[in-house]
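Me: I am a first-year student and would like to go through this protein slowly, one question at a time. Could you reason each answer out for me?

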Amino acid sequence: MTADTRTSDRDRDTFHANRAKRYDDTIRRVIPGYDALHSMTGVMLKDAVPADGRVLVVGAGTGAELLALGQAAPGWSFTACDPAAGMLAIAEDRIKGHPVAERCGLHPCLCADLPAEETAFDAATCLLVMHFLPDDGTKLTLLKSIAERLKPGAPLILADMHETPGSPRHQLIMDAWMHWQLGNGIDPVEVEKGRRHVERDVHFVPLSRLTALLDEAGFTAPEHFFQAFLFGGFIAWRKED
Ligand SMILES: C[S@@+](CC[C@H](N)C(=O)[O-])C[C@H]1O[C@@H](n2cnc3c(N)ncnc32)[C@H](O)[C@@H]1O
C-alpha cells in the first residue's frame with residue numbers, strides 16, 4: 001500500500017465516522033426511543049432465536065441495530081442488506097473492532113437481490129425502512145422477500161411509521177412530534193424541513209393495512225410492542241407452510 005493510499009483510507013474512515021456520528025446524533029433527537037427500539041428488538045427476539053441463530057437485517061443503515069443485536073446475543077450471526085452502499089460503508093466502519101463484525105455479512109442490495117443461499121433465517125428485522133416504500137405493491141414485495149428467506153415460525157421485527165394519512169389523529173401526533181423535536185433543541189428550520197420530508201417521502205398506511213400486508217406476505221397478525229409518536233414496533237411470525 002502506498003503512502004497516498006494510506007492517507008485516502010484515513011480520510012475515508014474519518015469521513016464515514018463523521019457522517020455516522022451526524023446521522024446518529026440527528027436520528028436520536030428526531031426519533032424518540034431510537035436506542036430503546038433497538039434494544040427492545042433484541043429482547044423481543046431473544047427467546048425465539050437459538051443461541052447460534054442467523055438473523056437477517058433488512059435496511060441495516062449505519063449499523064446501530066447490528067451493534068445492539070450483536071451485544072444482545074453474542075452467538076447470533078447476521079446477514080445485513082441495504083441498497084445504499086454509503087450507509088453500509090458507515091455500518092462497516094462502525095462495527096469494525098466489535099465482535100459482531102466477525103459474525104456479520106454486509107450486502108449492498110435489496111433483500112430480494114440477496115444471493116439465493118441467504119435463506120432459512122431464524123429471524124429478521126426491518127426497522128424504519130418500509131414506510132419509505134409506496135403501497136403500490138412495493139411494500140408487499142419487500143415483506144414477501146423477507147418471508148421467503150425465513151424458516152416457518154420465525155419472527156420478524158418490523159418498525160414503521162403508521163397512521164391513517166390526513167386523519168385528525170395523524171395531524172395531532174405529527175404536531176406533537178414536531179414540538180418534541182423543537183424541545184430537543186433542533187433548529188426550527190430543520191424541524192420544518194423534516195416535516196416536509198415526512199410529508200413527501202413517507203407512505204403512511206394505517207395499522208389495519210400493515211396487518212393486511214403482513215398477512216398477504218405470509219406472516220401472522222402483528223403484536224404491537226413499541227410506540228413513539230407515529231413510530232410503531234411490531235413482532236409477527238412467518239406462517240407455517
Ligand atoms: C432510516 S434508515 C434505518 C436504518 C436502520 N434500520 C436503523 O434502525 O437505524 C432506512 C434504511 O433503509 C434502506 N432501504 C430503503 N429501501 C430499502 C429496501 N427496499 N430494502 C432494504 N433497505 C432499504 C435505506 O437505504 C436506509 O439505509
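Me: Which elements are included in what covers the buried residues of H7?

Reply: This is a predicted model, so every statement here describes the prediction. In helix H7, which comprises residues 188-201, the buried residues are Val191, Arg195 and Val198. What lies over these buried residues includes two elements, namely strand E5 and helix H6 (168-183).

Me: Why can the buried residues of H7 be said to line one face of the helix?

Reply: In general, an α-helix has 3.6 residues a turn, so residues three or four places apart point the same way. In H7 the residues Val191, Arg195 and Val198 are buried. Looking down the axis of H7, one finds its buried residues within a limited arc, and they therefore line one face, the arc being 65°.

Me: Which exposed residues does the face of H7 turned away from its buried side carry?

Reply: To count as exposed, a residue needs over 50% relative accessible area. On the face of H7 that is turned away from the buried side, the residues that are exposed are Val189 and Arg200.

Me: Which residue caps the N-terminal end of H7?

Reply: The cap can be recognised from a side-chain oxygen that lies 2.8 Å from the backbone nitrogen of Val189. The residue that supplies this oxygen, and so caps the N-terminal end of H7, is Asp187.

Me: How far apart are the end C-alpha atoms of H7, and what span should its 14 residues have?

Reply: At 1.5 Å a residue, the 14 residues of H7 should span 20 Å. The separation of its end C-alpha atoms agrees with this expectation, as it is 20 Å.

Me: Which residue in E7 is the bridge partner of Ala159?

Reply: Strand E5 (residues 155-161) and E7 run antiparallel and are joined by seven bridges, while strand E6 (residues 223-228) also runs antiparallel to E7, with five bridges between them. On the E6 side, Phe226 stands opposite Gly233 in E7. On the E5 side, the partner of Ala159 in E7 is Gly233.

Me: Is strand E7 largely enclosed or open?

Reply: A residue counts as buried when its relative accessible area is under 20%. Six of the seven residues of E7 (residues 231-237) are buried, so the rest of the structure leaves this strand largely enclosed.

Me: Is His162 buried or exposed?

Reply: His162 is in the loop between E5 and H6, and among the residues it touches, beyond those up to four places away in sequence, are Phe204, His224, Leu230 and Phe234. Its side chain also makes a polar contact of 3.0 Å with that of Gln227. Since its relative accessibility is 5%, His162 counts as buried.

Me: Which residues does Trp177 contact, leaving aside its neighbours within four places in sequence?

Reply: In general, nonpolar side chains in soluble globular proteins tend to be buried together. In this model the largest nonpolar core has 43 residues, and Trp177 is one of those that touch the most other members. Leaving aside neighbours within four places in sequence, the contacts of Trp177 are Val30, Pro32, Met161, Val198, Phe229, Leu230 and Phe231.

Me: How many of the 10 residues of helix H5 are buried?

Reply: Among the buried residues of H5 are Lys139, Leu140 and Ile146, and what covers the buried residues includes strand E1 (54-58), strand E4 (123-127), E5 and helix H8 (207-217). Helix H5 (residues 138-147) is mostly covered, and of its 10 residues the number buried is seven.

Conventions
Residues are numbered from 1 along each chain as its sequence is written. This is a predicted model: local features need pLDDT of at least 70, side-chain atom pairs count only at pLDDT 80 or more; totals for chains, interfaces and linings use all residues. Side-chain values use heavy atoms; hydrogens and water are left out. Buried means under 20% relative accessible area, exposed over 50%, partly exposed in between (1.4 Å probe, protein chains only). Helices (H or I, at least four residues) and strands (E, at least two) are DSSP runs, numbered from the N terminus. Two strands pair if DSSP finds at least two bridges between them. A nonpolar core is a set of buried Ala, Val, Leu, Ile, Met, Phe, Trp, Tyr and Cys residues joined through side-chain atoms within 4.5 Å. Contact means heavy atoms within 4.5 Å. The expected span of a helix is 1.5 Å times one less than its number of residues. The arc is that of the directions from the helix axis to the C-beta atoms. A polar contact is a pair of N or O atoms within 3.5 Å; within protein, one must be able to donate a hydrogen and the other to accept it, and residues adjacent in sequence count only if both atoms are side-chain atoms.
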